[in-house]
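Here are my notes on the model. Please read them alongside the sequence and the coordinates.

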Amino acid sequence: MLVFARRVSRGLSSISVHSTFASSRGRCRMGTVAHSNSHVAAKKLKDAGLLLSRALIGDKWCDAIDGRTLNVTNPATGELLTSVPFMGRKETELAITAAHEAFPAWSQKTNTERSKLLRKWFDLLIQNKEELGRLMTLEQGKPLKEALGEIVYAAGFVELYAEEAKRIYGDIIPATTQDKRIFVLRQPVGVVGAITPWNFPLAMITRKVAPALAAGCTIIVKPSEFTPLSAMAAAKLAVEAGIPAGVLNIVTGDAPQIGAALLESTRVRKITFTGSTQIGKKLMEGSAATVKKVSLELGGNAPCIIFDDANIDLAVKGALAAKYRNSGQTCVCVNRIFVQDGIYAEFAKAFALAVSQLQVGNGLDEGVTQGPLINPAAVVKVESHVEDAVAKGAKVLTGGKKHSLGRTFYEPTVLADATVDMRIFSEEVFGPVAPLIRFKDDKEAVAMANDTEFGLASYIFTENITRGWRIAEALEYGMVGLNEGLISTEVAPFGGMKQSGLGREGSKYGLDEYLEMKYLCLGNMSPP
Ligand code: ADP
């Protein structure tokens with residue numbers, strides 16, 4: 001049974017991260033803007049018990065100790081959805097204690113026992129798919145169809161690691177002397193601190209929590225301040241599935257304070273992070289003092305190379321999917337499209353036409369394929385990239401300005417004649433803008449594609465398999481889509497090279513991040 005912690009103090013202050021709507025705990029209400037479909041959807045979620053406003057520490061759903069809260073709003077409308085606790089160091093320390101205390105019993109369960117609990121969690125996530133999808137669209141903005149896709153993708157990690165939990169094998173190595181035996185054991189790292197972003201409010205949680213739990217670790221998750229609600233709803237379902245108290249904790253609030261508490265604790269043995277390269281570097285630095293295991297999934301600057309011999313329909317479809325999913329707000333989103341001379345004009349025309357047909361709007365509305373950006377600041381960043389490119393000679397083929405819906409909406413945009421001196425060439429735009437850059441030959445394409453500090457995802461379109469293979473090998477990227485724009489799946493290793501990160505998530509390899517290898521030597525065996 002869930003125990004609700006008594007509120008220590010009420011409504012002292014409230015911090016709004018999405019908009020100017022401010023409310024205090026106890027006076028929390030829907031925003032005043034009338035957007036009926038969002039309002040109705042939020043009400044239904046509240047009734048279904050999946051719109052939560054407390055964080056989970058041990059077996060308690062808690063407010064912040066000082067009662068402070070953080071507003072969570074719908075990026076499409078500015079409506080206040082609810083507020084969540086604005087927690088800091090003290091609450092994080094309580095969560096670390098809860099995770100630390102839960103660790104012995106959880107890690108000593110058999111792998112099959114942990115597997116069964118994860119499987120139950122997976123079943124509940126799928127059973128609640130529709131509600132979780134609507135919740136995600138409300139807090140993140142992505143079109144409902146994409147949100148539902150993310151729920152299935154997110155649940156996929158839980159299913160995968162429920163299965164992989166049973167296959168955490170050790171090893172026996174032939175010894176060099178007759179009186180010895182050499183064994184390799186694989187044991188959980190311990191308490192894990194996970195910090196996640198807003199662009200995939202659930203998949204980034206399960207991608208970390210599921211392998212951690214399968215390995216026998218316990219975890220404290222700090223979801224993004226913009227999208228904490230999907231994480232909280234998923235945690236509620238984990239409790240319902242029977243995951244014991246303290247194994248999964250959710251702390252919301254003050255990112256630097258929560259981060260510092262996780263980093264400084266000697267009881268936290270691992271940090272796993274998805275987010276910006278800038279914060280990733282800080283976390284890596286902060287992990288040094290206690291030598292924590294670290295895995296990082298950071299920024300990207302994905303190239304998409306379209307060769308003269310590409311199937312043009314496939315290339316348009318692939319580049320469209322790889323660029324405009326989640327309105328361009330994913331770290332594997334194409335940031336630069338390189339198009340070979342011979343196909344440039346034809347591709348540019350077909351691509352701009354396809355982009356101009358994308359439907360922009362509130363993600364809950366039927367037929368919408370492009371939701372809002374996460375907040376007005378994201379729009380300002382996109383605008384500045386486009387202004388910079390146009391000032392340096394780029395031509396707008398479609399879009400190029402704020403959408404008439406205003407606030408957080410930007411028109412899906414294609415820029416022709418982009419060049420390497422434009423900001424968009426070297427910085428992730430994280431919005432619906434695709435620059436087209438011309439190239440002559442394979443060598444030039446590879447050199448430009450690799451001319452970045454990042455190395456996450458990359459894409460190639462060619463009908464020549466030899467060329468495709470050669471270019472794939474030459475790209476300094478952790479992932480390559482060859483004639484494919486959608487590469488993310490729970491069964492493949494996701495991760496980057498260079499400053500895009502450390503380690504891999506998903507697949508059997510994702511488990512290694514949560515396991516220590518222990519060498520056990522049995523010696524002085526008497527001869528038979
Ligand atoms: P984005 O630009 O995609 O929001 P960030 O790296 O800023 O990427 O945020 C990703 C996650 O990191 C979020 O949960 C955010 O709250 C958290 N975060 C931001 N700053 C810090 C910090 N100093 N310490 C720990 N976590 C942080």
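1. Leu125 touches Leu132, Ile151, Ala155, Val158, Leu202, Ala234 and Leu237, leaving aside residues up to four places away in sequence. Contact here means heavy atoms within 4.5 Å.

2. This is a predicted model, where local features need pLDDT of at least 70, side-chain atom pairs count only at pLDDT 80 or more, and totals for chains, interfaces and linings use all residues. Residues are numbered from 1 along each chain as its sequence is written, and side-chain values use heavy atoms, with hydrogens and water left out.

3. The largest nonpolar core has 71 residues. Such a core is a set of buried Ala, Val, Leu, Ile, Met, Phe, Trp, Tyr and Cys residues joined through side-chain atoms within 4.5 Å; buried means under 20% relative accessible area (1.4 Å probe, protein chains only). Trp121, Leu125, Leu213, Ile219 and Leu248 touch the most other members. Helix α5, residues 144–164, gives the most to this core: 10 residues. Helices are DSSP runs (H or I, at least four residues), numbered from the N terminus.

4. A second, separate core has 35 residues, including Ile306, Val339, Ala457 and Phe494.

5. Which residues are closest to the ligand? Thr196, Trp198, Lys222, Glu225 and Ser276, out of 16 that surround the ligand (a heavy atom within 4 Å).

6. Three polar contacts (N or O pairs within 3.5 Å) deserve a check. Each reaches a ligand oxygen: a backbone N or O atom of Thr196 at 2.7 Å, a polar side-chain atom of Trp198 at 3.1 Å, and one of Ser276 at 2.6 Å. The protein covers 79% of the 550 Å² of accessible area that the ligand has on its own (Shrake-Rupley method, 1.4 Å probe).

Technical notes
Buried means under 20% relative accessible area, exposed over 50%, partly exposed in between (1.4 Å probe, protein chains only). Helices (H or I, at least four residues) and strands (E, at least two) are DSSP runs, numbered from the N terminus. A polar contact is a pair of N or O atoms within 3.5 Å; within protein, one must be able to donate a hydrogen and the other to accept it, and residues adjacent in sequence count only if both atoms are side-chain atoms.
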